[in-house]
Amino acid sequence: MRSLGRFVLLLSVVLGAVAWGASSLFNRQARGWAERDLSMRSRLALEGARPALVEAGTNAARRVLEAIVRDERLMAAAVCTGDGAQVVAAGSLPAGVSCHALPGEARRPGPAGWDQSADGPAGAVHLTVLPVTEEAGGPALMLVHDMSFVDRRAETTRRYTFFAFALVGLVGAVAAAVAARLTWISWTVQLRRVLTAPFRAVEAIAAPRHFQPLLGDVRDLVSSLAAEEARAGSSWTPQRLRHVLRRDLGGESVIVVANREPYIHERGDDGQVKVVHPASGLVTALEPVMRACSGTWIAHGSGSADRDTVDGRDHVRVPPGEEAYDIRRVWLSREEEQGYYYGLANEGLWPLCHIAHAPPEFRASDWEQYRRVNSRFASAVAEEAKTPDPIVLVQDYHFALLPRMLRDLLPRATILTFWHIPWPNAERFGICPWEREVLDGLLGSSIVGFHTQAHCNNFLDSVDRYLESRIDRERHSVVVAGRETLVRPYPISIDWPSRWTSRAAPVAECRAEVRRRLGLAPDALLGVGVDRLDYTKGIDKRLLAVERLLERHPDYQGRFSFVQIAAPSRTIIESYRALNEQVEALATRINDRFARGSWRPVVMLRRHHEPAAIFELYRAADLCYVSSLHDGMNLVAKEFVAARDDLRGVLVLSRFTGAARELSEALIVNPYDIEGASTALATALSMPPDEQEERMRSMRVLVGELNVYRWAGKMLRDATRTRRRDRLASRLSSPGALPS
Ligand code: ADQ
């Protein structure tokens, strides 16, 4: 706004100066023209009057002069002798003008006559003196013209010029301001789009050419920073994470609270106990962190053999065979699980936070169970804590109330709460009948983390709208009852290098084995989708895109198959059961429509798979399609990248995932746009190997650098700072801390 004001001021000064200069120039010119005009009129008047002046007597000459001065512009006329005497005159001579007052050269003018303009007290006048006869020193006719009309015209001209320039200036300034504003808005929007979501595949191709150099610079800067970090040996590894814990947090072990446990003990039909890795993004991310940090993971004991495998304190050492940390199992009754997990968490908060067009259900009875289970887990944490100020990592929307409950039990604890799913905007969040309790519960934390800054902003807006608090938008923090909670983005990731990739068979073997097992031709093209069966993952949209691909590109019929791994999830909930049937029916319809011989376009594998099998599939595929309608991050996308150490395979990724903000080299799609998604699938299938390599290499650098140890490390570092600050504050406030 200030620069616009400066621009308008400068424009006014420049235009004012130009207007003034132009009107002066024009007036000078106009005065010259008027003088020439009057001089000419004087000569014409003399020509008409000459015979009377030369031959007739004085009276006749006076009459002639009186006739001449009837012209309104002519003030007076006089015949003067060579020595300045007035022979005869008519009209009224202005003060100071007379035959006698004429200068010497005017009294005896040459044949061309004598002209002069002068400013008199009553305005400008123009004098013309012309010889009446050819005889030297003979009488001369003096004509006095009124020139004040020239000044009046000049004044009018100056006014018009000024207004004309003022108008042009105003219109110009407004037009320039509007154009500048529009250009600025469009540049900002485009620049932000390029910088925040520089999707090379779909969006960046559309990014304006003039941003490409800037985009290149940003990329270079990011890679050089990453390279510098790597050179300095500062990439995040399990060792570095342990070092942070040892150096900054005094070797403190951490307590994780999550609904899901990382290892579930299930009793098979044969009576044998087997260990299952649950299909959960949270577990995928957090488990490697716990291996590095050690400590205790408190979770719901949900496996059929879980009770048989714990000790007297409900603990079990994991991972089996490596024993790096403890799981502490909490047992829930059916009512508790139903109300807290299926009810409030998954029928209420989950649809509340995801834009996937499923209405949330909130029941008072579920809320009661939710509070009760949160309180039970808070007590479990207090039991597990070995010091009065433990570091507690609270995970996800199952435990929104726990941080406040824990703060009451352990006021000095460092509580880091991470919300693994999106946070909705304030208006939508208001749908929750217990919006204040949920916010206040979370604000018992020292830090609340989300995947993206947008989710942090939504959270702060919700606090702003529903809670009495002080929000510091610069520090991204909230103060409630004198206690500060930081709100920060920590984009989650996976371990790197992935242990599942390093244990996997070579890619060629994986390709051959998977095709053999699925009954596909050795050279068949293969796409994969890996999800929990959840309506937010957009599995139906994904299958429709596959169908559209086959319609638009019949040459892929018989050559391309899409394998969808779908772990049944939350099947007690009606909407999940309905989704299960809907996806199955869709796959059957597509298969009925296109299948020929032994070839099927869609292979649905609706069961849990162990990570080793999932990684084998990633390595066997030509493309992976993640079509989430809304997803906090999505780790399948990152796992696919981690699995492809051969630098091949194309990732097709929904723009509605947090991962799309990082993996700009994927083919980014809108999963609702079936046409566009099918185009991206076709592009992926026909992408030349060198382009696949270039994209995959770039994504691997990113996932490698921004790995899950960095996620945990950054959180723990921020925790260190809040811990130091809290310790200092408590020392200062304790009696005797300050000299009296
Ligand atoms: P999820 O919704 O569980 O996670 P996601 O991030 O995609 O989603 O992770 C799924 C994990 O489960 C992956 O590790 C995948 O390999 C595994 N998996 C999927 N299908 C499986 C199957 N059939 N059998 C076995 N394993 C399977 C939530 C949020 C995400 C966020 C994560 C982590 O919804 O947005 O990325 O937490 O914060």
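# Notebook: bonds, bridges and a ligand shell

I began with the cysteines and found that the structure holds one disulfide. A reminder to myself before going on: this is a predicted model.

**Entry 1: the disulfide**

Which cysteines form the disulfide? I found cysteine 80 and cysteine 99, with their sulfur atoms 1.9 Å apart. I then looked up the torsion about their S-S bond, which is about -65 degrees, so the disulfide is left-handed. Cysteine 80 sits in strand E1 (residues 74-80), while cysteine 99 is in the loop between strand E2 (86-91) and helix H3 (104-107), so the bond ties together parts that are 19 residues apart in sequence. I noted that cysteine 80 and cysteine 99 are both buried.

Next I turned to cysteine 624, which is in no disulfide. The nearest cysteine sulfur to it belongs to cysteine 510 and is 15 Å away. Cysteine 624 has a relative accessible area of 0%, so I wrote it down as buried. Cysteine 293 also went down as buried, because its relative accessibility is 6%.

**Entry 2: the ligand**

Which residues come nearest to the ligand? Of the 28 residues around the ligand, I found that these are Thr284, His420, His609, Asp631 and Glu639. I also asked which elements each supply at least two residues of the shell. My list has helix H8 (281-293), strand E18 (525-532), strand E19 (560-567), helix H20 (611-620) and helix H21 (635-643).

I then went through some backbone contacts:

- For alanine 567, a backbone N or O atom lies 3.2 Å from a nitrogen atom of the ligand.
- For arginine 607, I read 3.4 Å between a backbone N or O atom and a nitrogen atom of the ligand.
- For leucine 635, a polar backbone atom is 2.9 Å from an oxygen atom of the ligand.

How much of the ligand's accessible area does the protein cover? I found 95% of the 720 Å² that the ligand has on its own.

**Entry 3: salt bridges**

My search of the whole structure gave 53 salt bridges. I looked at a few of them in turn.

Lysine 537 and aspartate 631 meet through their side chains in a salt bridge, 3.0 Å from N to O. This pair links distant parts of the chain, 94 residues apart: lysine 537 is in the loop between E18 and helix H18 (539-552), and aspartate 631 is in the loop between strand E21 (623-626) and H21. Are these two buried or exposed? Both lysine 537 and aspartate 631 are buried. I recognised Asp631 from the residues that come nearest to the ligand.

In helix H8, I found arginine 291 in a salt bridge with glutamate 287, the closest N and O atoms being 2.8 Å apart. Arginine 291 and glutamate 287 are four residues apart in that helix, so about one helical turn separates them. Glutamate 287 is buried, at a relative accessible area of 3%.

Arginine 43 forms a salt bridge with aspartate 115, and here the closest N and O atoms are 3.8 Å apart. Arginine 43 lies in helix H1 (residues 2-55) and aspartate 115 in strand E3 (residues 114-120), so the pair ties together parts that are 72 residues apart in sequence. I put both down as partly exposed: arginine 43 has a relative accessible area of 28%, and aspartate 115 has a relative accessibility of 31%.

I also came across a network of salt bridges that links Glu547, Arg548, Glu551, Arg552, Arg589, Arg593 and Glu675.

**Entry 4: a nonpolar patch**

On the surface I found a nonpolar patch of about 380 Å², made by Leu170, Val174, Val178 and Leu182. Valine 174 is found in helix H4 (residues 148-196). At 48% relative accessibility, valine 174 counts as partly exposed.

**Entry 5: backbone oddities**

Why bother with this check? Most residues other than glycine have a negative phi, and most peptide bonds are trans.

I found a cis peptide bond joining valine 318 and proline 319, with omega about -10 degrees. Proline 319 is in the loop between strand E10 (315-318) and strand E11 (325-330). The peptide bond from tryptophan 496 to proline 497 is cis as well, omega being near -5 degrees. I placed proline 497 in the loop between strand E17 (483-489) and helix H16 (499-503).

Aspartate 314 is not a glycine, yet its phi is positive, at about 60 degrees. Aspartate 314 lies in the loop between helix H9 (306-309) and E10. Asparagine 634 has a positive phi too, near 90 degrees, and lies in the loop between E21 and H21. Asparagine 634 is buried, with 6% relative accessibility, whereas aspartate 314 is partly exposed at 22%.

Key:
Residues numbered from 1 in each chain as written. Predicted model: local features only at pLDDT ≥ 70, side-chain atom pairs only at ≥ 80, totals over all residues. Heavy atoms only, no water. Disulfide = S-S within 2.5 Å. Buried < 20%, exposed > 50% of the residue type's maximum accessible area, 1.4 Å probe, protein only. Patch = residues over 30% accessible without salt bridge, like charges linked within 9 Å, V, L, I, M, F, W, Y side chains within 5 Å. Areas by Shrake-Rupley, 256 points an atom, 1.4 Å probe, with all protein chains shown as cover. Salt bridge = Lys/Arg side-chain N within 4 Å of Asp/Glu carboxyl O. Near = heavy atom within 4 Å. Polar contact = N/O pair within 3.5 Å; in protein donor to acceptor, adjacent residues only side chain to side chain.
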